[in-house]
Amino acid sequence: VTPTELAAFYRRAQCLVVPSRIPETFGLVGPEAMSYGTPVVAAEVGGITEWLEDGVTGLAVPPNDPAALAQAIDTLQADPAFADRLGANARRRYFERFTPERHADGLLRLFERVVAAARGSAPAARPEGPAP
């Protein structure tokens with residue numbers, strides 16, 4: 001689908017479900033959904049725990065537990081106001097932590113610390129303002 005169609009799907013969805021059974025390294029689909037304000041229901045495995053905060057940006061469930069997964073989906077369907085709060089929190093979290101610019105800034109700071117440690121000095125201070 002086109003980016004415009006994808007955005008429409010995310011905005012129309014009550015939630016995104018990520019029922020991973022084995023650990024993933026990070027997975028981009030969750031943060032992508034979060035960028036549109038779509039709450040996520042996901043199995044609490046691997047890198048998913050890096051971006052999903054249970055009860056804040058979505059709902060975490062144990063892996064391989066279809067009953068818990070179904071219950072989490074039902075919870076969001078039964079309480080649209082709760083789902084909207086999770087979605088708003090998810091969108092805010094995405095822009096605070098997961099934009100490409102934030103990623104690049106974080107990598108740059110990491111490289112600066114590694115170089116400074118190799119030289120035996122402290123890295124230069126860099127401003128950390130919010131992403132545009």
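# Questions on a predicted model

Visitor: Which does Gly120 count as, buried or exposed?
Guide: Gly120 has 67% relative accessibility. On the scale used here, buried means under 20% relative accessible area, exposed means over 50%, and partly exposed covers what lies in between (1.4 Å probe, protein chains only). With its 67%, Gly120 therefore counts as exposed.

Visitor: What kind of model is this?
Guide: Residues are numbered from 1 along each chain as its sequence is written, and side-chain values use heavy atoms, with hydrogens and water left out. Local features need pLDDT of at least 70, side-chain atom pairs count only at pLDDT 80 or more, and totals for chains, interfaces and linings use all residues, all of this applying to a predicted model.

Visitor: What pattern does the protein chain follow along the sequence?
Guide: Helices (H or I, at least four residues) and strands (E, at least two) are DSSP runs, numbered from the N terminus. By that count the protein chain holds six helices and three strands. Read along the sequence, they follow the pattern α-β-α-β-α-β-α-α-α.

Visitor: How many ångströms separate the C-alpha atoms of Gly120 and Gly87?
Guide: Gly120 sits in the segment after α6. The C-alpha trace of the protein chain spans about 55 × 30 × 30 Å along its principal axes. Gly120 and Gly87 are 33 residues apart along the chain, and their C-alpha atoms are separated by 44 Å.

Visitor: And how far apart in space are Arg12 and Thr38?
Guide: Arg12 belongs to helix α1 (residues 3–12), and with a relative accessible area of 63% it is exposed. Arg12 and Thr38 are 26 residues apart in sequence, and their C-alpha to C-alpha distance in space is 8.5 Å.

Visitor: Which element gives the most to the largest nonpolar core?
Guide: A nonpolar core is a set of buried Ala, Val, Leu, Ile, Met, Phe, Trp, Tyr and Cys residues joined through side-chain atoms within 4.5 Å. The largest one has 15 residues, and those with the most contacts inside it are Val40, Ala42, Ile48, Trp51 and Leu52. Two or more residues each come from β1 (16–18), α2 (29–35), β2 (40–43), α3 (48–51) and α5 (80–98). With three residues, the element that gives the most to this core is β2.

Visitor: How many residues make up the other core, which lies apart from the largest one?
Guide: In the largest core, Ala42 is one of the residues with the most contacts. Contact means heavy atoms within 4.5 Å, and, leaving aside residues up to four places away in sequence, Ala42 touches Val18, Ile48, Trp51, Leu52, Leu59, Ala60 and Val61. Apart from this core lies another, with Val61, Ala72, Leu76 and Phe82 among its members, and its residues number 10.

Visitor: Which element supplies the largest share of the lining of the largest pocket?
Guide: On a 1 Å grid over the protein atoms alone, a pocket is an open set of points where a 1.4 Å probe fits, with protein on both sides within 12 Å along at least five of seven lines, and lining residues have an atom within 4 Å of a point. The lining of the largest pocket consists of Glu96, Arg97, Phe98, Thr99, Pro100, Arg102, His103 and Arg109. At least two of these residues come from each of α5 and α6 (100–119). The largest share, four residues, comes from α6.

Visitor: Why does the pair of Phe26 and Phe98 count as tilted?
Guide: Rings of Phe, Tyr and Trp (its six-membered ring) pair if their centres lie within 6.5 Å, and planes under 30 degrees apart count as stacked, over 60 as edge-to-face and the rest as tilted. By this rule there are three aromatic pairs. The ring centres of Phe26 and Phe98 lie 5.8 Å apart with their planes at 55°, so this pair is tilted.

Visitor: How many residues apart in sequence are the parts that this pair ties together?
Guide: Phe26 is partly exposed, with a relative accessible area of 24%. Phe26 lies in the loop between β1 and α2, while Phe98 lies in helix α5, so the parts that the pair ties together are apart in sequence by 72 residues.

Visitor: Where does Asn64 lie?
Guide: Although Asn64 is not a glycine, it has a positive phi of about 60°. Asn64 is found in the loop between β3 (58–61) and α4 (66–78).
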